[in-house]
Amino acid sequence: MKILITGAAGFIGSHLAERLIRDGYDVYGVDKFLDNYPRRWKERNLSTVIQNPKFRFVEADLVSLSLRDLLRDVRYVFHLAAQPGVRASWGDEFERYTHNNILATQRLLEACRETGVQKFVFASSSSVYGDTTDLPMREDGVIGPVSPYGMTKAAGEQLCYLYGKVFGIPVVTLRYFTVYGPRQRPDMGFHIFMRAALKEEALPLYDDGEQTRDFTFISDIIDGTIAAALYPSAGDIFNLGGGCRTTLNNVLAMIEEIAGKKLTFTRLPRQAGDVRHTAAELARARVQLGFRPRVGLLEGLTQEWQWLARELE
Amino acid sequence: MAISQELLDILACPKCKGNIHLNSSGDGLVCETCRLCYPIKDDIPVMLIDEAVKL
């Protein structure tokens, strides 16, 4: 059975490819190798699958790639490719976000009109909720992104809804909540903190550290993502969160414990586009997908620490 | 690991969406219509118009 993963060289995409190949699927991977972080990190993400005969990989831009041919015989599409990053999405960079997050999604959905795709899984983000005080965030609640990135993810969700409604493409949207673990992007918080700690440098800390997030370990995200492809319905939106909202200060205390040393910080102001709190309501994912986050924060942080320590050796 | 025939069969030129074929040295995919060659680097076809070499 054939599967397409867009963004296959990324943090989540590469883990998904690994799992699906292990489960016996034939996987096509597409990635544009966006320059949001060094290419060598993304190539390393693929190192466990690139030589596997069940994995076929193409470097391409979804906007120009001939997708209909690629989708021939593909049963499931996991659309994870995106221009990531909240803080970088302001100003002139926005064009990259519209191209890679909106236009690419539209092209892929359009191509799916003429194929027999059984499920189109769209990777969205908790950032579509914006800076709400109505917690936990519910899938049927009001969305109001406060960053251009979040806006492009909301637009992607709307495109999925449209193509599902009008053309009957069986779409499902997943709102990922702050994913972490081995291979986390170098521009993401835990990676930045741990890299600084491993290099004996001060950790950059935005805001007062009392902001909270619903941190989600990568293997739990992969479980939820595959469950979304296989569940016997379509047209739904699901939150995928770790299930335990924690302050950043608590996380930093755990990293200190794992590192076995006192950390030092450079305090920085809150950045435009950052939300103060996120917390996922998981009832819908629990009931319909059987989603149960299994990896606790200390265990997950330890795994990311061990991975990064090896990478920086 | 060489690029698979299965992959070659489903790839098309990203510019004109027309057929491509493997060049004689096996390190590029050629679109005769656009007169472009898309490189194959480390067995990965790079189907980016900006990366293509003009023939």
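This passage describes the fold of chain A, its helix 6 and helix 10, and a selection of its salt bridges, as seen in a predicted model.

We can begin with the overall build. Chain A contains 10 helices and 13 strands. Its C-alpha atoms occupy a box of roughly 55 × 45 × 40 Å along the principal axes. The radius of gyration is 19 Å, which agrees with the value near 20 Å that a compact globule of 313 residues would have. Of these 313 residues, 56% are buried. Contacts also reach far along the sequence: when pairs at least 6 residues apart are considered, 83% of the contacts join residues at least 24 apart. The accessible surface of chain A amounts to about 12700 Å², and carbon and sulfur atoms account for 49% of that area. As for charge, chain A carries 38 positive and 38 negative charges, and the mean positions of the two sets lie 3 Å apart.

Helix 6 offers a good view into the interior. This helix spans residues 189–198 of chain A, and its buried residues are F190(A), H191(A), F193(A), M194(A), A196(A) and A197(A). The cover over these buried residues includes helix 2, helix 8 (248–259) and helix 10, together with strand 7 (179–180) and strand 8 (203–206), of chain A. After helix 6 comes E200(A), a residue with a positive phi, near 60°.

Helix 10, one of the elements covering helix 6, runs over residues 297–311 of chain A and includes E304(A). The surroundings of E304(A) deserve a closer look. Side chains of opposite charge can pair when their charged atoms come close. E304(A), however, is buried without a salt bridge, and R195(A), the nearest side chain of opposite charge, is 9.4 Å away. A salt bridge requires a side-chain nitrogen within 4 Å of a carboxyl oxygen, so at 9.4 Å R195(A) does not serve as a partner for E304(A). Beyond its neighbours within four places in sequence, E304(A) touches F190(A), H191(A) and M194(A), as well as Y180(A), G181(A), P182(A) and Q184(A). F190(A), H191(A) and M194(A) are themselves among the buried residues of helix 6.

Elsewhere, charged side chains do find partners, and the structure holds 27 salt bridges over all chains. One of them joins E311(A) to R44(A), with the closest N and O atoms 2.5 Å apart. This pair links distant parts of the chain, since E311(A) belongs to helix 10 and R44(A) to helix 2 (residues 39–45), 267 residues away in sequence. Both partners are partly exposed: E311(A) has a relative accessible area of 26%, and R44(A) has one of 34%.

A second salt bridge brings together R113(A) and E110(A), at an N to O distance of 2.7 Å. Here R113(A) is partly exposed at 40% relative accessible area, and E110(A) is likewise partly exposed at 22%.

A third example connects R175(A) with E157(A), whose closest N and O atoms are 2.7 Å apart. R175(A) sits in strand 6 (residues 171–176) and E157(A) in helix 5 (residues 148–167) of chain A, with their positions 18 residues apart in sequence. Both R175(A) and E157(A) are buried. Finally, salt bridges with shared partners unite K2(A), R56(A) and E6(B) in one network.

Notes. Residues numbered from 1 in each chain as written. Chains lettered and ligands numbered in written order. Predicted model: local features only at pLDDT ≥ 70, side-chain atom pairs only at ≥ 80, totals over all residues. Heavy atoms only, no water. Helix = DSSP H or I, 4+ residues; strand = E, 2+ residues; numbered from the N terminus. Rg over C-alpha atoms; globule rule 2.2 N^0.38 Å. Buried < 20%, exposed > 50% of the residue type's maximum accessible area, 1.4 Å probe, protein only. Contact = heavy atoms within 4.5 Å. Areas by Shrake-Rupley, 256 points an atom, 1.4 Å probe, with all protein chains shown as cover. Lys, Arg positive; Asp, Glu negative; His and termini not counted. Charge placed at Lys NZ, Arg CZ, Asp CG, Glu CD.
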